[in-house]
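Got the viewer open? Here's a short tour you can follow selection by selection.

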Amino acid sequence: MAAGRALLWSQTGIAAVAPISSSMRFRAKRLASSFPFLVCRCPSSLVSTSVRCYNRPQSEVVSGELKTSGKEENFVLTTPLYYVNAPPHMGSAYTTIAADAIARFQRLLGKRVVFITGTDEHGEKIAAAAEASGSSPSEHCDTISQSYKILWKELDISYDKFIRTTDQKHEAIVKEFYSRVLNNGDIYRADYEGLYCVNCEEYKDEKELLENNCCPMHLKPCVLRKEDNYFFALSKYQKALEDYISSNPDFVKPSFRLNEVQGWITNGLKDFSISRSTVEWGIPVPNDKTQTIYVWFDALLGYITALSEDSEQSNLQQAVNSGWPASLHLIGKDILRFHAVYWPAMLLSAGLSIPNMVFGHGFLTKDGMKMGKSLGNTLEPMDLVQKFGADAVRYFFLREVEFGNDGDYSEERFVNIVNAHLANTIGNLLNRTLGLLKKNCQSTLPYDSIFAVEGNSFKDSVSQLVEKAKYHYENLSLSSACECILEIGNVGNLYIDKNAPWSRFKQGGASSEMAAKDLVIILEAMRIIAAALSPVAPSLCFRIYSQLGFSKEQFEAVTWDDTRWGELKAGRVMAEAKPVFAKIENNQDRDKKGSPEEGKNKKILRQGLVEA
Ligand code: MSP
């Protein structure tokens, strides 16, 4: 069917014109014949001129870097709210790990961070999963939502707010938001017929589908649905969104995803259905108990609800006043349209600010296919954490996958990277330096680190790498940030190998003094590595700090300023040298050692690391 427009009517009685696509067939109901007095007050072609002014969010993006302005340096960061159809897999954990690293980095900068995560619990997909598991939807949601919390604990995720879309306070806010949009004349009722992917919880355009109307993401056929629904007048916001994006080009990152978003908008925005007459498991549409609110319209608002305090009587404006707009929505690329097109339009309609930035990362893949429950090709994050520890899992995915692009997982690569970087470059360097300090200086620093490094260009190399790491963190180039920090370790290893303090100590006199200074220099570099890498591998970095004689409280008080040279002072006593990161035994080592079963049981070697 050729694209066209139909006159439709809103719940407030305001008529609108909506475009019709080939796979969407609206049938306008009770139109002019029944209500001849209705005038089309806001045809979509004209509405852009009457769209309410929106405030520039309080945060500003400066050349792609996230900056917050104003006296209160707030940084509100969100992960997607995860569907509770099944427990989390590595794909869902990936977004949360990245968000956690960003949140921790922003805290180091001294920002007041609100890190929001949670679960998306309504809709057909969840109701079907509950039925399949033989439990009621709410029991099912409780169980699966809890499994996310357990995993986040295991992965050292430092979220501030965990929102469940079945929380009571959320329902009140969704209804209030719906009423605002309705009062703005942006909701109308119409018949709808289209192809629906239950896994995406989205009506699809035939053009996007594979053979047999299969969803390209889930490779399952979409089902033909015909319903009488309420619609959101997205088309009305076409011009406003075009304008917003052209004046805020950093709204969508990475920049190649911005092109995708611009393409969707310029191709024409279609109104979308925001209620379901066939789904009971959802928030009822205000004033129409026969319909529930579409799961995406409901879930996106979770970002705002999360800001309200549990003790408060829930109220949209109050939640908004507690920190909206978000500084950053971190999402996977599959849900970009919802966040970069639907969501800003919904916010404009309700007179609320648009978030500062939406960053769409790539997929973790297995054999080139998106890892996911629907395809059954997942990697269990809990298994990985139990086998290798949270630091290894966090570090590997953030270092190995260029943030924004897809990345394939292989255990061999995992073991190689983690062993080379964390066990050898960092762990071994610390361990052998502490060993030398114990042997030659009774584990006590003989000099201030500032004094030890005088006239030595090593300090400048470290400072430059730290500056670069900061720049990359700020620009969400997490892999590059890790690379710069690891480079400090590489430079440190080269330095110690070249200067061979173990030989200088044997020479005594001035050589011995130089050797002692070298140890202080390396230990100060280790401290800086630990401060700078703490957003990525917090437990490992704490272990480094405690080996350097700091308490948990001192580690927790670290800020980005502590990446400056000069914290270690003469007289500080180091802790007993222990490996801070246990080397992982790889398959080859296992084969050499004995049967696969034996190998499996001894996967992580708690072995001492080589002392020079
Ligand atoms: N419930 C919606 C989000 C609503 S936000 C208001 C949803 N949930 S989801 O559980 O299906 O996906 C959550 C996130 O996990 C998405 O950002 C998705 O891209 C991400 N991932 C799921 N599988 C993934 C990979 N294999 N790799 C990387 N991330 C992927 O969508």
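We'll start at the ligand, step out to its pocket, and finish with some backbone oddities.

**Stop 1: the ligand.** Keep in mind that this is a predicted model. Select the ligand and show what surrounds it: you should get 22 residues. The closest are Leu81, Asp120, Gly332, Asp334 and Met371. Colour that shell by class and you'll see 13 nonpolar, 6 polar and 3 charged residues.

**Stop 2: polar contacts.** Which ligand atom does the side chain of Asp334 lie 2.5 Å from? Zoom in on Asp334 and you'll find a polar side-chain atom at that distance from an oxygen atom of the ligand. Now switch to the backbone. Leu364 has a backbone N or O atom 2.8 Å from a ligand nitrogen, and at Gly91 a backbone N or O atom lies 3.3 Å from a nitrogen atom of the ligand. Turn on a surface here: the ligand taken alone exposes 660 Å², and the protein buries 94% of that.

**Stop 3: who builds the shell.** Select strand E6 (74-83), helix H8 (295-300) and strand E17 (328-332); each of these supplies at least two shell residues. E6 gives the most, with 4 residues.

**Stop 4: the pocket.** Zoom out a bit. The ligand sits in the largest pocket, which holds about 1000 Å³ of space. Its lining runs to 47 residues, and nearest the pocket centre are His218, Asp334, Ile335, Phe363 and Lys370. So far as class goes, the lining has 23 nonpolar, 13 polar and 11 charged residues. To see which elements contribute, highlight E6, helix H2 (90-108), strand E10 (202-204), helix H7 (255-266), H8 and helix H11 (336-349): each gives the lining at least two residues.

**Stop 5: backbone oddities.** Most peptide bonds are trans, and most residues other than glycine have a negative phi. Here are some exceptions to click on.

- Lys253 and Pro254 are joined by a cis peptide bond, with omega about -10°. Look for Pro254 in the loop between strand E12 (252-253) and H7, the helix that also helps line the largest pocket.
- Trp324 to Pro325 is a cis peptide bond too, with omega near 10°. Pro325 is in the loop between helix H10 (316-321) and E17, the strand you picked out in the ligand shell.
- Where does Glu201 sit? Go to the loop between strand E9 (187-197) and E10. Glu201 has a positive phi of about 55°, although it is not a glycine.

Key: Residues are numbered from 1 along each chain as its sequence is written. This is a predicted model: local features need pLDDT of at least 70, side-chain atom pairs count only at pLDDT 80 or more; totals for chains, interfaces and linings use all residues. Side-chain values use heavy atoms; hydrogens and water are left out. A residue is near a molecule or strand if one of its heavy atoms lies within 4 Å of it. A polar contact is a pair of N or O atoms within 3.5 Å; within protein, one must be able to donate a hydrogen and the other to accept it, and residues adjacent in sequence count only if both atoms are side-chain atoms. Accessible areas come from the Shrake-Rupley method with a 1.4 Å probe; for residues, only the protein chains shown count as cover. On a 1 Å grid over the protein atoms alone, a cavity is a set of points where a 1.4 Å probe fits but cannot get out, and a pocket is an open set with protein on both sides within 12 Å along at least five of seven lines; lining residues have an atom within 4 Å of a point. A molecule sits in a cavity or pocket if more than half of its atoms lie within 2 Å of its grid points. Ala, Val, Leu, Ile, Met, Phe, Trp, Tyr, Cys and Pro count as nonpolar, Asp, Glu, Lys and Arg as charged, and the others, Gly among them, as polar. Grid points are joined across faces, edges and corners, and a volume is the space filled by probe spheres set on the points.
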